[in-house]
Amino acid sequence: MRETEILIVLVLVVGVLATTSFPANVTYDHRALVIDGQRKLLISGSIHYPRSTPDMWPDLIQKSKDGGLDVIETYVFWNLHEPARNQYDFEGRNDLVKFVKLVAEAGLYVHLRIGPYVCAEWNYGGFPLWLHFVSGIKFRTDNEPFKAEMKRFTAKIVDMMKQENLYASQGGPIILSQIENEYGNIDSAYGPAGKTYIKWAATMATSLDTGVPWVMCQQADAPDPLINTCNGFYCDQFTPNSDKKPKMWTENWTGWFLAFGGAVPYRPVEDIAFAVARFFQRGGTFQNYYMYHGGTNFDRTSGGPFISTSYDYDAPIDEYGLLRQPKWGHLKDVHKAIKLCEEAMLATDPTITSLGSNLEAGVYKTGSGLCSAFLANFGTQSDATVNFSGNSYRLPAWSVSILPDCKNVVLNTAKINSMTTIPRFSTLSLKDGISSEAFPDDWSWVNEPVGISSNSAFNKLGLLEQINTTADISDYLWYSLSTDITGDEPFLQGGSQTVLHVESLGHAIYGFINGKLAGSGKGSYNNPKVTIEVPVTLIPGKNRIDLLSLTVGLQNYGAFYDLSGAGITGPVQLKGSKNNSTIDLSSKQWTYQ
């Protein structure tokens with residue numbers, strides 16, 4: 001009995017030690033992030049917690065760790081967590097604390113990108129729609145109402161992390177936080193107020209006293225002590241804005257998002273591996289895959305407009321949580337090879353030497369005799385043979401060879417290990433033992449009336465912009481008008497065919513005349529605006545025009561994107577196809593639902 005008690009106590013103690021960490025001091029120098037006095041070479045990958053389900057999180061995190069990742073990076077999605085002002089949701093897929101704790105339990109670090117603007121092909125860029133209606137507000141500029149709301153939410157998230165002891169300074173996994181997001185891409189549109197805003201954002205973030213560094217991505221003028229970082233397909237040529245800051249890559253795009261009507265994105269793993277090796281060859285020490293698992297845009301979270309519900313992103317772990325081979329396996333091999341160079345890389349700066357046209361060596365060599373090298377052929381057409389330290393090496397086009405001891409090649413980025421296999425899938429049927437309950441046969445449908453059918457409908461002179469009218473509680477808005485038509489209308493004279501002309505800011509329109517569909521039109525990702533001109537048949541007397549306008553995800557990127565609008569703003573006209581006569585209906589009294 002006594003032996004059993006001792007064993008139970010030992011198991012409990014070991015369990016506590018395995019899930020509890022001591023506070024860590026996280027800083028940085030010109031080479032790397034520094035954790036408790038030790039420089040760190042870190043491989044990171046993005047997994048956005050609401051783009052998968054909580055049941056998937058442990059497996060996704062473990063597969064990331066098995067693939068050689070040290071860090072999981074995620075945005076924080078304001079519109080999910082505060083759908084109405086001061087009403088918060090951190091349950092289910094929105095359980096940020098649970099996600100961060102699961103990452104910690106796996107022994108990985110976290111980079112928390114609070115934003116709170118995130119872009120991310122996410123509806124309205126992650127901003128809650130109610131923010132649009134705050135009096136006097138202007139987004140992402142030196143505007144007091146906006147800054148007050150941004151600070152309030154950012155502080156809310158920071159305080160939540162602190163209460164759970166999740167910052168590394170408290171013994172937690174969070175070693176980095178991000179404020180704002182790719183503002184440098186569009187800040188010129190905001191003029192001097194944009195510069196003032198960025199300085200304010202940096203000061204506000206650091207005042208929250210997280211005990212870990214803050215970054216700004218794509219922000220060349222990020223104020224000290226914030227680290228400016230690179231986003232893109234290639235970041236080997238990137239240089240931080242201070243020789244006291246490390247070279248960091250917050251978004252290495254493993255593929256791309258899918259827009260409705262667009263090609264399914266694909267980025268070869270050989271190209272990703274080349275980009276990663278080149279980054280570390282030229283002094284980088286923190287690299288993040290965007291995305292490592294893309295997942296799904298559930299509910300109405302897709303942005304765009306016209307971003308698909310799939311956010312697979314051609315990532316190493318696919319939308320459903322399965323390994324994408326050979327991408328996952330080859331990158332795992334790349335990570336192993338780079339980690340073999342870690343000691344030399346963190347001890348010194350690289351020496352870059354030309355080996356010929358489009359050929360380059362990056363060497364990390366210390367006074368104590370440590371030496372690691374990266375040999376690159378960044379030409380796209382021809383393989384090459386180079387001489388390095390008295391030896392000859394064959395370099396395929398667009399590839400990097402990694403030599404942890406400056407002699408022996410352990411990996412070339414263009415050569416995929418034959419053991420990295422592509423899985424085969426088979427189709428199962430009910431005969432294979434799958435329960436028929438998985439395939440319900442009780443589908444139902446709803447016959448919804450055309451036009452106005454609700455007591456919530458209201459009348460208004462003129463055409464209303466859709467987002468201001470619906471506040472995005474629905475993708476749909478009915479515009480309905482009853483108009484008298486007489487036989488002597490000019491657009492009916494001379495045998496002319498009547499045409500209904502409708503112009504909209506987006507994103508799609510269905511036009512009904514007297515309850516019957518007359519025509520439709522839709523925009524696209526590159527041009528969400530839509531115009532329809534459809535022939536219609538009118539009857540003498542009362543005619544009802546019902547226009548159904550719909551949005552397909554709200555704009556998520558660009559300067560002043562929140563002002564882009566949607567819906568039928570006109571004109572709405574009846575035209576004669578032969579005599580060019582027109583009646584403009586735009587300013588009449590419309591009914592809305």
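# Questions on a predicted model

User: How is tryptophan 256 classed, and what is its relative accessible area?
Analyst: Buried means under 20% relative accessible area, exposed over 50%, and partly exposed in between (1.4 Å probe, protein chains only). Tryptophan 256 counts as partly exposed because its relative accessible area is 34%.

User: What kind of model is this?
Analyst: Residues are numbered from 1 along each chain as its sequence is written, and side-chain values use heavy atoms, with hydrogens and water left out. Local features need pLDDT of at least 70, side-chain atom pairs count only at pLDDT 80 or more, and totals for chains, interfaces and linings use all residues, since this is a predicted model.

User: How many helices and strands does the protein have?
Analyst: Both are DSSP runs numbered from the N terminus: helices are H or I with at least four residues, strands are E with at least two. The C-alpha atoms fill a box of roughly 100 × 70 × 70 Å along the principal axes. Inside it, the count is ten helices and 28 strands.

User: What share of the residues counts as buried?
Analyst: The protein exposes about 26600 Å², and carbon and sulfur atoms supply 53% of that area. Accessible areas come from the Shrake-Rupley method with a 1.4 Å probe; for residues, only the protein chains shown count as cover. Of the 593 residues, the buried share is 53%.

User: Which residues form a nonpolar patch with Trp256?
Analyst: Patch residues have over 30% relative accessible area and no salt bridge; like charges are joined within 9 Å, nonpolar side chains (Val, Leu, Ile, Met, Phe, Trp, Tyr) within 5 Å. Tryptophan 256 sits in the loop between strand S10 (248-253) and helix H7 (269-281). The patch has about 270 Å² of accessible area together, and the partners of Trp256 are Phe233 and Tyr234.

User: Which residues does serine 64 touch?
Analyst: Serine 64 lies in helix H2. It is buried because its relative accessibility is 0%. Contact means heavy atoms within 4.5 Å. Leaving out residues up to four places away in sequence, serine 64 touches Ile47, Leu69, Ile72, Tyr292 and Ile317.

User: How far apart are the C-alpha atoms of aspartate 59 and leucine 322?
Analyst: Aspartate 59 also belongs to helix H2 (residues 57-66). This residue is partly exposed, at 38% relative accessible area. Along the chain, aspartate 59 and leucine 322 are 263 residues apart, yet the separation of their C-alpha atoms is 9.6 Å.

User: What does the UniProt annotation call residues 33-337?
Analyst: UniProt positions use the numbering here, feature names are shortened, and annotations may be inferred rather than shown by experiment. Over residues 33-337 the chain is 28% helix and 18% strand, with end C-alpha atoms 20 Å apart. The annotation, from an unreviewed entry, reads "domain: Glycoside hydrolase 35 catalytic".

User: Which strands are joined to S26 by bridges?
Analyst: Strands pair if DSSP finds at least two bridges between them. Four of the five residues of S26 (residues 572-576) are buried, so this strand is largely enclosed by the rest of the structure. Five bridges run to an antiparallel strand at residues 498-504, S21. Three bridges run to another antiparallel strand at residues 582-584, S27.

User: Which residue in the hairpin of S26 and S27 takes a positive phi near 60°?
Analyst: Across this pair, leucine 574 has isoleucine 583 of S27 as its bridge partner. The hairpin has five residues between the strands, and the positive phi belongs to asparagine 580.

User: Which glycine takes a positive phi just after H4?
Analyst: Helix H4 spans residues 96-105, and its buried residues include Leu96, Val97, Phe99 and Val100. Just after H4, a positive phi of about 85° is taken by glycine 107.

User: Which glutamate forms salt bridges with arginine 278 and arginine 282?
Analyst: A salt bridge is a side-chain nitrogen of Lys or Arg within 4 Å of a carboxyl oxygen of Asp or Glu. Arginine 278 has its partner at 2.7 Å, N to O, and both of these residues are buried. Arginine 282, partly exposed at 23% relative accessibility, also has its closest N and O atoms 2.7 Å apart from that partner. The partner is buried, at 11% relative accessible area: glutamate 360.

User: How many salt bridges are there by this rule?
Analyst: One of them joins aspartate 271 and arginine 267, with the closest N and O atoms 2.8 Å apart. Arginine 267 is buried, at 4% relative accessible area. The full count is 30.
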